[in-house]
Amino acid sequence: TYEGNQDGVNALLNKPRNLINDLKDPHHVLITEESGIIKTMNTTSRNISNFGTVGRTVYGIIQSLETGDFFMTVAHVVGIFSYQTKTFTVISGSTSSYGFQDGPFSEVQFNHPFALLFLNNHTLLVSDYHNDRLRVLDLITNTSSSICSGEEGHADGNCSTCTLIRPVGLLTITDTVYLGSNQRIRQIEGKCG
């Protein structure tokens, strides 16, 4: 068999999607599986064990340096997976519908959010694939705003006039955000959030 749910040194995984270093334990890597199961692997012993369950496919994951909790994109939501309690809580978006809406987290809608990136300790950037935007989540005011116009295209510009096609991967270096956007690597310079 090539996939499964077996822990140990000879573990079987169900379509692993994401790997991330555990910032709270440098000897461990977290693995998210397509089934929504999260595993942890000891990098010394290579032993794999269960860490928790989200219940749906995790598309993007990033860990908070402050709390150790994991921010995740799952279906049409952004949520937090608690490092301590191993539970997943939706913070923004709707589990029953998708679309586009900025504003208070309780009203925000996504259409396939993918990658996540911290711009600072309280601001999270999310690539919103089918909305052709980057979303800025302010974790203090619990509000969302957008980068780029939402129109499909490859137009460079400032944070509000740029256009994207299907943004996925994100990386930041100094004040420049780099992103994968439909066969291109794009960059957005300056503070956008």
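Which residue takes a positive phi in the hairpin of β14 and β15? The legends below address this point along with other views of the model, which is predicted.

**Figure 1. The hairpin of β14 and β15 contains a residue with positive phi.** The residue is T174, with a phi near 55°. Two residues lie between the strands of this hairpin. Strands β14 and β15 run antiparallel and are joined by five bridges. Within the pair, L171 stands opposite Y178 of β15.

**Figure 2. The protein chain is built from strands, with zero helices.** The chain holds 16 strands. Its radius of gyration is 17 Å, close to the 16 Å given by the globule rule for 193 residues, so the chain is as compact as a globular protein of that length. Along the principal axes, the C-alpha atoms fill a box of roughly 50 × 35 × 30 Å. Of the 193 residues, 47% are buried. Among contacts with a separation of 6 or more, 34% come from residues 24 or more positions apart.

**Figure 3. Four strands form an open sheet with antiparallel pairing.** The strand order is β1-β2-β3-β4. The edges are occupied by β1 (16–21) and β4 (48–53); each has a single partner strand, so one side of each is left without a neighbour in the sheet. From one strand to the next, the twist averages 25°. Strands of a sheet pair through backbone hydrogen bonds, in either a parallel or an antiparallel manner. Here, β1 and β2 (residues 28–33) pair in the antiparallel sense over five bridges. In this pairing, L19 has I31 of β2 as its bridge partner.

**Figure 4. One disulfide is present in the structure.** The bond joins C148 to C162, with an S to S distance of 1.9 Å. The link is left-handed, with -95° about the S-S bond. Both C148 and C162 lie in the loop between β13 (143–147) and β14 (167–173), so the pair ties together parts that are 14 residues apart in sequence. C148 and C162 are both buried.

**Figure 5. F118 is a buried residue of strand β10.** This strand spans residues 113–120. The relative accessible area of F118 is 18%, which is under the 20% limit for a buried residue, and F118 is therefore classed as buried. Leaving aside neighbours within four places in sequence, F118 is in contact with I62, Q63, S64, F71, T123, L124, L139 and T172. One of these contacts, Q63, is 55 residues from F118 in sequence, yet the two are 9.1 Å apart in space, C-alpha to C-alpha.

**Figure 6. The largest nonpolar core comprises 14 residues.** The members that touch the most others are L125, L134, I147, L170, L179 and I188. Two or more residues of this core come from each of β10, β12 (133–138) and β15 (176–181). Not counting residues up to four places away in sequence, L125 touches A115, L116, L117, L119, L134, R135, V136, I147, L170 and V177. L134, I147 and L170 thus appear among the contacts of L125 and in the group of members that touch the most others.

**Figure 7. A second core is separate from the largest one.** This core has 13 residues. Its members include L30, F51, M72 and Y83. L30 falls within β2, which spans residues 28–33, and F51 falls within the edge strand β4 (48–53).

Conventions: Residues are numbered from 1 along each chain as its sequence is written. This is a predicted model: local features need pLDDT of at least 70, side-chain atom pairs count only at pLDDT 80 or more; totals for chains, interfaces and linings use all residues. Side-chain values use heavy atoms; hydrogens and water are left out. Two strands pair if DSSP finds at least two bridges between them. Axes are lines fitted to C-alpha atoms, for helices over the stretch in contact, and angles run from 0 to 180 degrees between N-to-C directions. A disulfide is a pair of cysteine sulfur atoms within 2.5 Å. Buried means under 20% relative accessible area, exposed over 50%, partly exposed in between (1.4 Å probe, protein chains only). Contact means heavy atoms within 4.5 Å. A nonpolar core is a set of buried Ala, Val, Leu, Ile, Met, Phe, Trp, Tyr and Cys residues joined through side-chain atoms within 4.5 Å. The radius of gyration is taken over C-alpha atoms; the globule rule is 2.2 Å times the number of residues to the power 0.38.
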